[in-house]
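Open the model in your viewer and keep the sequence panel visible. The stops below give a selection each time, followed by what is found there.

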Amino acid sequence: MNIESGTIHTYGYVRVSSRDQNEGRQMIALHELGVSDGDIFMDKQSGKDFNRPQYQKLLSMLKKRDVVYVKSIDRLGWNYEEILEQWRVITKKIGADIVVIDMQILDTRTDRNLMATFICDTVLSVLSFVAENERTNIKQRQAEGIAAAKARGVTFGRPCRPRPENFDEVADQWLAGEITCAEGAKRCGVPYSTFRQWAMHGRTGRHVTLLPGSR
């Protein structure tokens, strides 16, 4: 969107952590502020650093006095030091402005006097720290939850495929060289690789030496 005789551009930045997350709320907030889709840059990846293609593209297009809207500080990222560094790059090095929609005090357009800048920088530091700390806590809680679940006997990953009733008999025939592995797999109704793996490792928990002629 062009304002002030086309000299200032307004952009939006959106980030979600994965392709499964919905960016809808962020997009709505930007649209309500008049930012068009063509001026919105969106990354679908972690906020651990700023090596994101759309963010880097936005950064390369920013000019002095341009404005960047972001829904919340954690959408910008959650690495404390890198948030502060990118904020400095945008506002100090490039000379553009940042507006955090959910935190009105984080609006570098409002007042550029010393006290206002100090307050903005202080609030930014606190929120950046909170974003990183919350991310760390989430990961810790996830790890603790998984460990507790495993201690209760909960298993993770794809459940084991049940062996058919005729498996032991068919496996013995293959190991004795009476039938081929392909025939054994067919009789048990499983893929070749599954039948071979079960027969060699899945019955007694130890490796089986094939007899001559087994194939």
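Does Trp198 count as buried or exposed? Select Trp198: at 9% relative accessibility, this residue counts as buried, where buried means under 20% relative accessible area, exposed over 50% and partly exposed in between, computed with a 1.4 Å probe on protein chains only.

**Ground rules**

This is a predicted model, in which local features need pLDDT of at least 70 and side-chain atom pairs count only at pLDDT 80 or more, while totals for chains, interfaces and linings use all residues. Residues are numbered from 1 along each chain as its sequence is written, and side-chain values use heavy atoms, with hydrogens and water left out.

**Whole chain**

Colour by pLDDT, the predictor's confidence in each residue on a scale from 0 to 100. The mean for the protein is 80, and 73% of its residues reach 70 or more. Among the elements, strand E4 (residues 67-70) has the highest mean pLDDT, 96, and strand E1 (residues 2-3) the lowest, 44. Select residues 1-5: pLDDT stays under 50 there, and the model has 12 contacts for this stretch beyond four places in sequence, a contact being heavy atoms within 4.5 Å. Next select residues 204-213, where pLDDT is below 50 and the model has 13 contacts beyond near neighbours in sequence. Where pLDDT is low, the predicted coordinates should not be read in detail.

Switch to a cartoon. The protein has eight helices and five strands; these are DSSP runs numbered from the N terminus, with helices being H or I of at least four residues and strands E of at least two. The order from the N terminus is β-β-α-β-α-β-α-α-β-α-α-α-α. Of the 215 residues, 36% are buried. Among contacts between residues at least 6 apart in sequence, 62% join residues at least 24 apart.

**Aromatic cluster**

Select Phe167, Trp174, Phe195 and Trp198, which form one aromatic cluster. The structure holds six aromatic pairs; rings of Phe, Tyr and Trp (its six-membered ring) pair if their centres lie within 6.5 Å, and planes under 30 degrees apart count as stacked, over 60 as edge-to-face and the rest as tilted. Phe167 and Phe195 make an edge-to-face pair, 5.9 Å centre to centre with 80° between the planes. This pair links distant parts of the chain, with Phe167 in helix H6 (residues 167-175) and Phe195 in helix H8 (residues 192-202), 28 residues apart. Phe167 is buried at a relative accessible area of 1%, and Phe195 is buried at 0%. The rings of Phe167 and Trp198 have centres 5.6 Å apart and planes at 85°, so this pair is edge-to-face. Phe167 in H6 and Trp198 in H8 are 31 residues apart, and their pair also links distant parts of the chain.

Add Val190, in the loop between helix H7 (181-188) and H8. Val190 counts as buried at 11% relative accessibility. Beyond its neighbours within four places in sequence, Val190 is in contact with Arg161, Ala185, Phe195 and Trp198. Pro164 is 26 residues from Val190 in sequence and 9.0 Å away, C-alpha to C-alpha.

**Arg52 and two rings**

Select Arg52, Phe50 and Tyr55. The charged end of Arg52 sits over the ring of Phe50, 4.4 Å from its centre. Arg52 also lies over the face of Tyr55, at 5.8 Å from the ring centre. The criterion is NZ of Lys or CZ of Arg within 6 Å of the ring centre and within 35 degrees of the ring normal.

**Helix H4**

Select residues 80-94, helix H4: a kink of about 25° is centred on Arg88, the bend at a residue being the angle between axes fitted to the seven residues ending there and the seven starting there. The buried residues of H4 are Ile83, Gln86, Trp87, Val89, Ile90 and Thr91. Just after H4, Gly95 takes a positive phi of about 85°.

**Asp37**

Finish at Asp37, in the loop between helix H1 (24-32) and strand E3 (40-44). Asp37 is exposed, with a relative accessible area of 52%. Outside its neighbours within four places in sequence, Asp37 is in contact with Met27 and His31. Gly12 lies 25 residues from Asp37 along the chain, and their C-alpha atoms are separated by 8.6 Å.
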